[in-house]
Amino acid sequence: MTGILAHDSTLSLPAEWLIREDATTVQYRIPDERIKAIAETLLAFESRLVWIFCTEEAKDDSFVLWYVFELAEMRRYLVLVQNTQSPVSLVNIYPAASRFERAITDGFGLQFGGSPDSRRLFLHEAYPDKFHPLRKSVKNAPITVSDSQIPFEFRSMEGTGVYQVPVGPVHAGIIEPGHFRFSVIGEDILNLEIRLGYLHRGIEKLAEGCSPEKGVRIAESVSGDESVANACCYAMAVEQILSVQVPPRAVWLRAYFLELERSWSLLSDLAGMVTDVAFSTAASRLLILRETVQRVCERLTGSRFLKGIIGIGGISHDIPDDLLVEVTDTLMKVRVDLEGILSWVLSVPSVIDRFSTTGVVREPLIDPLALSGPVARASGRALDVRSDHPYGLYETHPIPPLTRMTGDVLGRFALKGDEVLASLAYITELVRQIPKGPVQAEYEVCDGDALAAVESPRGRNLCYVRICDGSIDRFALSTASFCNWMALEHAVLGNIVPDFPVINKSMNLSYAGTDL
Amino acid sequence: MNMNILSFLLKKPKDLQAYTPDSAFESAGVMLKAEIDRVFGHSIAIREVDCGSDNAAEIELANLSAPHYDVERFGITFVASPRHADILAVTGVVTHGMKEALIKTYEATPEPKFVIAVGDDACTGGMYIGTYAVVGPVDAVIPVDLKIPGNPPTPAAILEGLLTLMNVAKKR
C-alpha cells in the first residue's frame, strides 16, 4: 500500500518507508530531514497532529519520535516514526505541537530546532538542570531538589491600563491545582496563560518495569473521573500486543462502564456550570442525579469511581445479570429526571443570559489545536473516537456523535446534557442484549508495542505501551485535557474575569490527567 | 423537615433507598455536630489542598456539600481561604510542584489548626513512594493530626474521620 488515503492517491509515501500496519495505526519511517515537508503536505489533507511522543531505544541509546496524525475519513491513525538526535519543531505547521515538544524536552532532553517556546512544561523550578526523568539512564529514585530556582517567565502583556491577575495554584473551590495568569484591562481578559504541572507524579516513569497487570492500576490513577477510560485505553493497547481476544460479555460490560462513567462525569460538569451562574436549586437536582449514578457504580463494582473493574483480557469480575436489570430502573429514572431538569434550566432567562455567547471556542481552532471531545463537538465538529476510530462494542453498536454549533458555554451545556441522555439510553438499551459467557480471556505476556485510543468523557485519550522482557518498557499517555486546555486560553479572550469560572467549568478539564 | 424536602427532591427508588446507609450517616452527623459544638463552638471551617491527587478525593470532599450529605447542617463548611480555616484537608501524595504551595497554605492558616490527610496517597504515599516526582506523604511536609485512608474515602468515611478528629482536638 502506498497511498495513505484509499480514495486519494496524491498523498502517498514510498512503500519502502512503510514499517507496520496494525489494527490502530499505519506506520511509516521518515528520514530525518523530510518530516517537515511531509507534515506540510499532510496539512492539505484535513489532518490533525494529535500527539507526539518519544521513546528511547535500549540498544543504542537513540531517540525515536512518533508523530500521530488523524486524517479525515481514515480509520487508523497515521504514525510517522523518526529516529533523531536533533528534531525540528513543527509548531509553525501544527500549533498543537508546541506543548508536546516541550513535554519531550522535559522528559528526554531533546531540543527542537526553531521552537519559539522552550520553557519547561511539567518539570517545575524544584527540578535540577539537565534532569530528564524519562531517560533510561535515570533511575526512578528521590532527587536532590535544585537550589538555584530560576523563576518561570510568563508571557508579558504591556500597555496602558493592563494589569495582571495571578490565580492559583491553590484555588478557592475544592478543585485541582493550576496557575492562571490573566492580563486584564478593566474587567476584560486580554490574555490568559495557564501553567500546569503541579500534579506531576511521574506516572509514565512509574509504569516502567511494572508488570502489565500493575499498569492497569497505574492507568486508572491518572484521573479519577476518567479512570475506566484510561484503564480501558491501556488494556486495549496491551491486548493488541498480546493478541488477546476480549470475550463478548466483557466487551459489552466495558462499553457499559465507559458510558456509565461518561454519565456521572458529565453530570458533575452540568452541576458545576449552573452553580457558577448561582442557580443552586438546579445544581442540587443535578448533584442528586450524579450521586445516584455514582451509587449505581458502587453497587455494580464496589467502587464509586469504577476503579478496579477493568483488567487485561476483559474485566476483573462478572456482574450478575439480575443486578444489571435492577439498576436499569434507576438509570431510566435518572434519564427522565434529567430531561426535565435540562428543559427547565434552558428556559430560565438568567441562565441563558450568562451562558449564551460566553467563552466561545471558534471552529477554526479545532484542527490547529487538536481539540477533541465535547469542546470540539459543541463548536460544530463531529469528532468522536467512538465513531471515527471505533473500538470494542462501538464497532458493532455505534453511538452517533452529537454536535452543537455555537461553541459557547450554552452549547457545551446543552451538548453535555444530550450526551448524558444518549449514554444512559445506550446502556439501558444495551443491558437487554448482553451476551452470557466468561468475562476474562486467558493470556500470556509477550513483547511488543501498540497504540490505542478511547473517547473519555473529555475527549480523545491516546495511549502507547511497549512491553520488553515481560514488563512495561514504555507507557505514554495523552489525555484530551492536554490539548483542550489551549481551547480555554482562547475561549476566555474578550470575556470578563467573573465569567472565567463558568467557562472553565463548561470544559471541566483534568489537571491530573494533563500533568501525569 | 430536612428529610421531607430531600425525599421530595430525590424521589428515590425503593431499591436504592434500602441500599443507602443514610441512617448511619445521619446519626454520625448528629454526633459530630454535638462534638463540634463542644470542641470548636458551633462550627468548623475546612480548606482543601490538592497536592497530587487524581481528583477522586476532591470529588468526594465536594460531595459532602451536595444534597445527599449536606454537612453544612452539622456545622461543617468548606472555605475559600486558609486564613478562614480551622482544618486543612490535604489530598494526594505531595509532589515537588506542590510542596511550596502546601507549606505556604499551612503557614497562612491561623492557630490552632489541624491537618487531615485524605486518601491513601496522602496518608502513605501509595505507589508513588520513593519516586523522583514526589516528596512523600503529607506528614513528610507538614504535621498531620489524622489520616483518613481510602481510594478515595467515601463521604461517610470522611465524616467519621472528622468525628475522630474531635477527640484529637479535645486533647490538644
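**Entry 1: the sheet of chain B.** I looked up the strand order in chain B of this predicted model, and found an open sheet of five strands that runs E2-E1-E3-E5-E7 with parallel pairing. At the edges I noted strand E2 (76–78) and strand E7 (146–148) of chain B, and since each has a single partner strand, one side of each is left without a neighbour in the sheet. From one strand to the next the twist averages 30 degrees.

**Entry 2: one strand pair.** I then followed strand E1 (residues 44–50) of chain B along strand E3 (residues 87–91) of chain B, where the two pair in the parallel sense over five bridges. Opposite B:Asp50 I found B:Thr91 in E3(B).

**Entry 3: a helix on the sheet.** Next I checked what packs on this sheet, and recorded helix H4 (residues 56–63) of chain B, which touches E1, E2, E3 and strand E5 (114–118) of chain B. The direction of H4 makes about 145 degrees with that of E3(B).

**Entry 4: two helices of chain A.** Turning to chain A, I looked at helix H5 (residues 227–242) and helix H6 (residues 248–276), whose axes come within 8 Å and cross at roughly 150 degrees. Because angles over 145 degrees count as roughly antiparallel, I entered H5(A) as roughly antiparallel to H6(A).

**Entry 5: the residues between them.** Which residues make the contact of H5(A) with H6(A)? From H5(A) I listed A:Ser227, A:Val228, A:Ala229, A:Cys232, A:Ala235, A:Met236 and A:Glu239, and from H6(A) A:Arg254, A:Phe257, A:Leu258 and A:Glu261. Sorted by character, the residues of this contact divide into seven nonpolar, one polar and three charged.

Key. Residues numbered from 1 in each chain as written. Chains lettered and ligands numbered in written order. Predicted model: local features only at pLDDT ≥ 70, side-chain atom pairs only at ≥ 80, totals over all residues. Heavy atoms only, no water. Pairing = 2+ DSSP bridges. Helix = DSSP H or I, 4+ residues; strand = E, 2+ residues; numbered from the N terminus. Axes fitted to C-alpha atoms, helices over the stretch in contact; angles between N-to-C directions. Contact = heavy atoms within 4.5 Å. Parallel < 35°, antiparallel > 145°, perpendicular 65-115°, else oblique. Nonpolar A, V, L, I, M, F, W, Y, C, P; charged D, E, K, R; others polar.
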